[in-house]
Amino acid sequence: MKSHNGKTLLIRHGTLIDGSGRAAAVNDAIVIEGNRIRSVGRLPADVRIDDQDHVQVIDATDQWIMPGLIDGHCHLSFGFPQVANVPSARGTTNPGFSAIRAMRNAQQVLRSGVTSLAVPGGTWFIDVALRDAIMAGLCEGPRIACAGQFIITYGSIIDTEPSWVGTPEHSIGVLANNVDDMITEVRRQCKYGVDFIKRADSTWGDTQTIAPGELAAVVREAHRRQVRVTIHSRGAGSTRSAAEAGMDWILHADLATAVELEAVAKAGVRLMPTMTFLQHALEVGHEYGRGPRELDVIKRNWESGVRMLEQARALGITLMCGTDTGNSPLMPYGQLHAHEPEILVRYGGYTPMEAIVACTRNNAFAVGLENDVGVVEADRLADLIILKRDPLADIRVLQGGQHLAMVIKDGHIVTMNGQAEGEDTLAYASSLHA
Ligand SMILES: [Zn+2]
């Protein structure tokens with residue numbers, strides 16, 4: 001089976017940073033056939049460079065080759081009508097529009113060098129549909145592993161409507177205030193084909209809104225159905241409870257201290273801090289309706305989060321990278337997916353190589369493809385990026401697609417100029433409702 005244009009793809013020369021943590025090395029030949037990497041290393045004898053009918057050669061001399069980036073926390077289907085002083089507001093009430101917009105969001109993400117996404121929550125089952133449409137080849141986008149609506153309790157994040165409204169169908173959360181309702185919702189979401197369940201505790205971690213027994217019940221039900229579970233958990237107590245309940249990974253953990261992180265390490269649970277959103281909100285939040293009181297809370301969480309990063313590294317907790325792109329209008333698509341590795345290096349004491357591993361090999365876990373993506377080696381899926389500059393010398397080289405020479409997903413070279421420059425889909429969507 002051949003790949004791009006029916007030809008074998010051959011990437012010659014350049015420097016390979018394979019995502020496993022192995023030192024960067026001179027690349028001779030990466031051979032891609034179909035949607036998989038056939039070999040990495042010496043050029044196989046049966047692949048002839050001059051056979052232009054069957055072999056397409058990509059010369060990566062003076063360039064760097066890496067696994068496609070993975071954003072472990074990106075929302076594609078949130079909707080944001082403009083409501084004064086309500087920064088995240090409610091979703092659009094039109095699932096058709098939201099689905100089409102999510103498709104375009106996914107294209108923007110892919111063109112910035114991100115070939116896989118974990119999507120921890122969205123509206124209706126738009127992300128499930130988009131995942132399947134991309135897999136079926138109906139549209140272009142990264143590989144997607146996704147949850148449905150967040151399963152929340154009164155007082156959790158997203159429970160922002162008055163209680164006589166509850167959580168409307170177009171919300172990104174669904175209320176379940178007892179174990180029976182939680183299990184019913186897990187079953188409903190499994191029926192619709194989610195890859196994992198998203199639970200969500202309080203917005204900034206000040207209170208713990210889900211009881212340990214409720215977490216454990218959901219984990220048992222989901223795991224029995226071979227679906228994994230993650231949680232929005234900024235608080236210390238909720239992070240400890242999530243680890244002890246056997247969650248597959250924990251999002252945020254901003255306020256976790258050494259005690260809770262030791263529980264996370266002991267349970268062998270992975271953390272995905274998602275500091276990019278906090279950093280970006282502190283930088284530009286005031287332009288998007290985030291008031292001074294909220295920004296003070298975000299600053300508190302950021303400062304605690306920096307300590308958490310250092311402690312997690314010292315405890316040997318496996319870290320994954322997410323950004324929360326698409327969670328609100330201040331988090332645009334295609335721009336921030338590789339800011340998390342920079343934060344790990346600048347604030348968390350991680351080496352550039354450790355940060356690269358976090359957003360490639362480690363993140364493959366979040367998309368449920370640990371043996372298929374995240375590392376450039378034989379038999380894995382052919383998701384790669386080629387960069388014009390060295391990300392080990394400056395980790396920011398990964399950001400915003402600005403130094404990309406090429407994106408290859410599933411053995412196909414992604415067309416980079418297929419859309420208008422500079423358009424902001426969220427701003428467009430907002431203007432519709434203004
Ligand atoms: Zn999120």
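Aspartate 46 is exposed in this structure, with a relative accessible area of 54%. The model is a predicted one. The side chain of aspartate 46 meets that of arginine 38 in a salt bridge, with an N to O distance of 2.7 Å. Arginine 38, at 31% relative accessibility, is partly exposed.

This contact belongs to a wider set, as a search of the whole structure yields 27 salt bridges. Among them is the bridge between glutamate 221 and arginine 187, whose side chains meet at 2.8 Å, N to O. Distant parts of the chain are linked by this pair: glutamate 221 lies in helix 4 and arginine 187 in helix 3 (residues 179-191), 34 residues apart. Glutamate 221 is buried, since its relative accessible area of 5% falls under the 20% limit. Arginine 187, by contrast, is partly exposed, with a relative accessible area of 38%.

A further salt bridge joins the side chains of glutamate 354 and arginine 313 at 3.0 Å, N to O. This pair also links distant parts of the chain, with glutamate 354 in helix 10 (residues 352-358) and arginine 313 in helix 8 (residues 292-314), 41 residues apart. Glutamate 354 is partly exposed, with a relative accessible area of 32%. Arginine 313 is likewise partly exposed, at 36% relative accessibility. Elsewhere, Asp18, Arg22, Glu377 and Arg380 are joined into one network by salt bridges that share partners.

Covalent links between cysteine side chains were also examined, and the count of disulfides is zero. Cysteine 74 takes part in no disulfide, and the nearest cysteine sulfur, that of cysteine 146, lies 12 Å away. The side chain environment of cysteine 74 can be stated as well: at 0% relative accessibility, this residue counts as buried. For cysteine 321, the closest cysteine sulfur belongs to cysteine 359, at a distance of 5.1 Å. That separation is too far for a bond, because a disulfide requires the two sulfur atoms to be within 2.5 Å. Cysteine 321 is buried, with a relative accessible area of 2%.

Attention now turns to the strands. An open sheet of four strands is arranged in the order 5-4-1-6, and its pairing is mixed. Strand 5 (36-41) and strand 6 (55-59) form the edges of this sheet, each pairing on one side only. From one strand to the next, the twist averages 20 degrees. Strand 4 (residues 29-33) pairs with strand 5 in the antiparallel sense, over five bridges. Within this arrangement, isoleucine 32 stands opposite isoleucine 37 of strand 5.

Helix 5 was considered in terms of burial and surroundings. This helix spans residues 236-244, and its buried residues are Ser238, Thr239, Ser241, Ala242 and Ala243. The elements that cover these buried residues include two helices, helix 4 (212-224) and helix 6 (258-267), together with strand 14 (228-233) and strand 15 (249-252). Helix 4 thus recurs in the description, as it also holds glutamate 221, the partner of arginine 187 in helix 3. Helix 5 is followed by glycine 246, which has a positive phi, near 85 degrees.

Technical notes:
Residues are numbered from 1 along each chain as its sequence is written. This is a predicted model: local features need pLDDT of at least 70, side-chain atom pairs count only at pLDDT 80 or more; totals for chains, interfaces and linings use all residues. Side-chain values use heavy atoms; hydrogens and water are left out. Buried means under 20% relative accessible area, exposed over 50%, partly exposed in between (1.4 Å probe, protein chains only). Contact means heavy atoms within 4.5 Å. A salt bridge is a side-chain nitrogen of Lys or Arg within 4 Å of a carboxyl oxygen of Asp or Glu. Two strands pair if DSSP finds at least two bridges between them. Axes are lines fitted to C-alpha atoms, for helices over the stretch in contact, and angles run from 0 to 180 degrees between N-to-C directions.
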